[in-house]
Amino acid sequence: MSNLVDAVDGIVHEPTQVHEDGGVDLTVTEIYTVDAPGRVDFGGGELQPADLDPHPRVWRNEDDDYQWWHLDAGTYLIEYNESLSGTALLQPRIGIVERGASHPTLQVAELPRVPLTVGGAGLRLKENARVSTLLPR
């Protein structure tokens, strides 16, 4: 894809999210916990979604515009503010990796909910934080 930014809708702040090399950072709009398992079978006839629950948010400071998720060690599903109409490589931003969290690197044609694994002492993540980067393919 020659101009990835044209294939991404819902960018929160273009000057911060769009890279000179054509990459686009993605921001988190919701984090879910998996409350009950889903089902995956061979043929797809018994495919069932997992039961998800939005993870609670808290105010860090009264003057903040956005709340924070306090994530313990574990795996969550993240949902992005942005959407994609094209093919790109999705990878975690180094900012979350260096703080003990990560998600798989995937080639995507749309933006699914992605599993975010948090290790160690957990992670504090602010609404609209840049957690992933799309790269042109």
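This note walks through some features of the structure above, point by point.

1. **Before you start.** Please keep in mind that this is a predicted model. The values quoted below are computed from it.

2. **The nonpolar core.** A good place to begin is the largest nonpolar core, which has 28 residues. Within this core, Leu84, Leu125 and Leu134 touch the most other members. Several strands give two or more residues each to the core: β2 (24-36), β4, β5, β7 (88-92), β10 (114-118), β11 and β12. Which of them gives the most? That is β2, with 4 residues.

3. **A look around leucine 84.** Try selecting leucine 84 in your viewer. Setting aside neighbours within four places in sequence, leucine 84 is in contact with Leu4, Ala7, Val8, Val108, Ala109, Glu110, Leu111 and Leu134. One of these contacts, Leu134, also belongs to the trio that touches the most other core members.

4. **How the strands pair.** Now trace the strands from one to the next. β2 and β5 pair in the antiparallel sense over 4 bridges, and valine 28 has tyrosine 80 of β5 as its bridge partner. β5 also runs antiparallel to β10, with 5 bridges joining the two; here leucine 77 stands opposite proline 115 of β10. β4 and β11 make another antiparallel pair, over 4 bridges, in which tryptophan 69 is partnered by leucine 125 of β11.

5. **Two faces of β11.** In a regular strand, side chains alternate between the two faces of the sheet. You can see this along β11: which residues point to the buried face? Leu123 and Leu125 do, while Arg124 and Lys126 point to the other face and are not buried. Leu125 is the residue listed above among the core members with the most contacts to other members.

6. **Glutamate 30, a buried acid.** Glutamate 30 lies in strand β2. Is glutamate 30 buried or exposed? Glutamate 30 counts as buried because its relative accessible area is 14%, and the limit for buried is under 20%. Its side chain and that of arginine 57 are joined by a polar contact of 2.8 Å. Beyond four places in sequence, glutamate 30 is in contact with Pro54, His55, Arg57, Trp69, Leu77, Ile78 and Glu79. By contrast, valine 40 is 10 residues along the chain from glutamate 30, yet their C-alpha atoms are separated by 24 Å.

7. **Glutamate 127 and the same arginine.** Glutamate 127 sits in the loop between β11 and β12. With a relative accessibility of 17%, glutamate 127 counts as buried. Its side chain makes a polar contact of 2.4 Å with the side chain of arginine 57, the residue that also joins glutamate 30. In addition, a polar atom of the glutamate 127 side chain lies 2.6 Å from the backbone nitrogen of glutamine 67. Leaving out residues up to four places away, glutamate 127 touches Val28, Arg57, Tyr66, Gln67 and Trp69.

8. **Asparagine 128, next along the loop.** Asparagine 128 is found in the loop between β11 (123-126) and β12 (130-136). Most residues other than glycine have a negative phi. What is phi for asparagine 128? The value is near 70°, which is positive, although the residue is not glycine.

9. **Threonine 133 in β12.** Threonine 133 lies in strand β12. Why does threonine 133 count as buried? Because its relative accessibility is 7%. The side chain of threonine 133 makes a polar contact with that of aspartate 25, at 2.8 Å. Besides Asp25, its contacts beyond four places in sequence include His19, Val24, Leu89, Leu90, Gln91 and Arg93.

10. **Aspartate 72, out in a loop.** For an exposed example, turn to aspartate 72, in the loop between β4 (68-71) and β5 (74-80). Its relative accessibility is 55%, so aspartate 72 counts as exposed. Apart from neighbours within four places in sequence, aspartate 72 is in contact with Val118 and Gly122. Leucine 123 is 51 residues away in sequence, but the two C-alpha atoms are 6.6 Å apart.

11. **Rings and a charge.** How many aromatic pairs does the structure hold? The count is 0. There is still a ring worth a look: arginine 113 lies over the face of tyrosine 32, at 4.5 Å from the ring centre.

Definitions and conventions:
Residues are numbered from 1 along each chain as its sequence is written. This is a predicted model: local features need pLDDT of at least 70, side-chain atom pairs count only at pLDDT 80 or more; totals for chains, interfaces and linings use all residues. Side-chain values use heavy atoms; hydrogens and water are left out. Rings of Phe, Tyr and Trp (its six-membered ring) pair if their centres lie within 6.5 Å; planes under 30 degrees apart count as stacked, over 60 as edge-to-face and the rest as tilted. A charge sits over a ring if NZ of Lys or CZ of Arg is within 6 Å of the ring centre and within 35 degrees of the ring normal. Buried means under 20% relative accessible area, exposed over 50%, partly exposed in between (1.4 Å probe, protein chains only). Contact means heavy atoms within 4.5 Å. A nonpolar core is a set of buried Ala, Val, Leu, Ile, Met, Phe, Trp, Tyr and Cys residues joined through side-chain atoms within 4.5 Å. Two strands pair if DSSP finds at least two bridges between them. A polar contact is a pair of N or O atoms within 3.5 Å; within protein, one must be able to donate a hydrogen and the other to accept it, and residues adjacent in sequence count only if both atoms are side-chain atoms.
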